[in-house]
Amino acid sequence: MADRTALVIGPTGAIGTALVQALHRAGSWGILGMSRTPPSTGQGFRHLAADLMDPASIGSALAEAPPVTHVFYAARAPHGEGGVENVEGNLAMLTNVVEAVQGPALQHVHLVEGTKWYGVHLGPHRTPAREDDPRHMPPNFYYDQEDYLCAAQRGQAWSWSSSRPNVVCDFAPERARNLTTVIGAWGAICRELGVPFDFPGTATGFDTLTEVTDATHLAEAVLWLATQPAGQNRAFNITNGDAFRWRYMWPRLADMLGVRCGEPRNIRLAEWMADKGPVWDRITARHGLEPRPLHSVALWEFGDFVFRQDWDLLSDLTRLRQTGFAGSVDTSRMFADHFAAYRKARILPVPDAAP
């Protein structure tokens, strides 16, 4: 019998999926997943169908479930790339969930945030970013959500924590908003057309420090924080821990993808890839890939958001390390592993010899 019951909000997203998998690896967890639409196939959790904007819907879904001890909140209201996201909707969704699960069984609520907390979508900010850095001018829905959690927890037996990853990467075949597939599809199209694998961003961005977060690594850190006294009632930066410059990463990616490395090319992928659907269809047929339209493989607007950041992105990990969590990820190896998984799934035409 499970010792604890986890409720994962957004269980089929990249982060939610990784959290479900981490809970399975840990054992002794009952796992519930709440979203509006049931997953198409078994995902390793008991699905609870609910509209997060409707408190009655959440209450009805939880009525027949065991008492929840831990909430892992990884949902967001629909949003575009960059810019200000829906404050009112995101706050309402979290509030409705927390108010529905509060009770004697509840031990911890974890909120997945991101580096938009520091204003990464607005321009240069203080680096390395520390969890207690001053806030930028609102609106920022992360501020409202965390303020709500702090207020709701006062005087209660349960605790909260939040995580701030940057650019979460994973093998997620159902999700086009993924830096791995953006890079992989861009490389495949460059190879097909016989052109260099140029960096689709600015020369300044090519040389700035940046970082990403592997979804599995994030999930393991989140699970650690949610079950350790040192992880209570604070926010934590979580990244792979090996900041890099695209100037040095790009040739490695070119080798993995079997394409000639190029140079910075100040273009917008969303514009230049708009007519490349037929090229992708040709690649798909030649390599025996799963037939998918190009837009379902790579979200080019997301690539533009990432590659057009002309300022350093670096998060301080001291607070996380001081809790006793010492995990780290080699980002180059992460991309190679993800590419290999997409090759095996017949989604990207990555050469078999990819390192």
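Here are some exercises on this protein, each with a worked solution.

The structure is a predicted model in which local features need pLDDT of at least 70 and side-chain atom pairs count only at pLDDT 80 or more, while totals for chains, interfaces and linings use all residues. Residues are numbered from 1 along each chain as its sequence is written, and side-chain values use heavy atoms, with hydrogens and water left out.

**Exercise 1. The overall build**

Task: Work out how many helices and strands the protein has, and why it counts as being as compact as a globular protein of its length.

Solution:
- Start with the elements: the protein has 13 helices and 13 strands. Helices (H or I, at least four residues) and strands (E, at least two) are DSSP runs, numbered from the N terminus.
- Next, take the radius of gyration, which is 21 Å; the globule rule gives 20 Å for 355 residues, and the two values are close, so the protein is as compact as a globular protein of that length. The radius is taken over C-alpha atoms, and the rule is 2.2 Å times the number of residues to the power 0.38.
- Then look at the box along the principal axes: the C-alpha atoms fill roughly 65 × 45 × 35 Å.

**Exercise 2. Inside and outside**

Task: Find what share of the residues is buried, and what share of the accessible surface belongs to carbon and sulfur atoms.

Solution:
- Of the 355 residues, 54% are buried. Buried means under 20% relative accessible area, exposed over 50%, and partly exposed in between (1.4 Å probe, protein chains only).
- The accessible surface is about 14,900 Å², and carbon and sulfur atoms hold 52% of that. Such areas come from the Shrake-Rupley method with a 1.4 Å probe, and for residues only the protein chains shown count as cover.
- Now turn to contacts (heavy atoms within 4.5 Å). Among those with a separation of 6 or more, 78% are between residues 24 or more positions apart.

**Exercise 3. Helix α1**

Task: Check the span of helix α1 (residues 14-26), then find what covers its buried residues.

Solution:
- The expected span is 1.5 Å times one less than the number of residues. For the 13 residues of α1 this should be 18 Å, and the end C-alpha atoms are 19 Å apart, which agrees.
- The buried residues of α1 include A14, I15, G16, L19, V20 and L23.
- Their cover includes the strands β1 (4-9), β2 (29-35), β4 (70-73), β5 (108-112) and β7 (168-169), along with helix α7 (215-226).
- Just after the helix, G27 takes a positive phi of about 75°.

**Exercise 4. The loop between β5 and α4**

Task: Locate T115, and identify which peptide bonds leading to P128 and P139 are cis.

Solution:
- T115 sits in the loop between β5 and α4 (141-153). With a relative accessible area of 8%, T115 is buried.
- Leaving out residues up to four places away in sequence, T115 touches V120, R164, P165, N166 and S315.
- P128 is in the loop between β5 and α4, and the bond from T127 to P128 is cis, with omega near -5°.
- P139 also belongs to the loop between β5 and α4; a cis bond joins P138 and P139, with omega about 20°.

**Exercise 5. Positive phi outside glycine**

Task: For V167 and N233, decide whether each is buried or partly exposed.

Solution:
- V167 lies in the loop between β6 (159-164) and β7, and its phi is near 50°. At 16% relative accessibility, V167 counts as buried.
- N233 is in the loop between α7 and β11 (234-237), with phi near 60°. Its relative accessible area is 31%, so N233 is partly exposed.

**Exercise 6. Two helix residues**

Task: Describe the surroundings of W246 and D304.

Solution:
- W246 belongs to helix α8 (residues 246-257) and is buried, at 3% relative accessible area.
- Leaving out residues up to four places away in sequence, W246 touches residues including L179, I183, F199, F206 and F307.
- In sequence W246 and D207 are 39 residues apart, yet their C-alpha atoms are 6.4 Å apart in space.
- D304 lies in helix α11 (residues 300-307) and counts as buried at 9% relative accessibility.
- With the same sequence neighbours left out, up to four places away, D304 touches I267, R268, L269 and A270.
- D304 and V350 are 46 residues apart in sequence and 22 Å apart in space, C-alpha to C-alpha.
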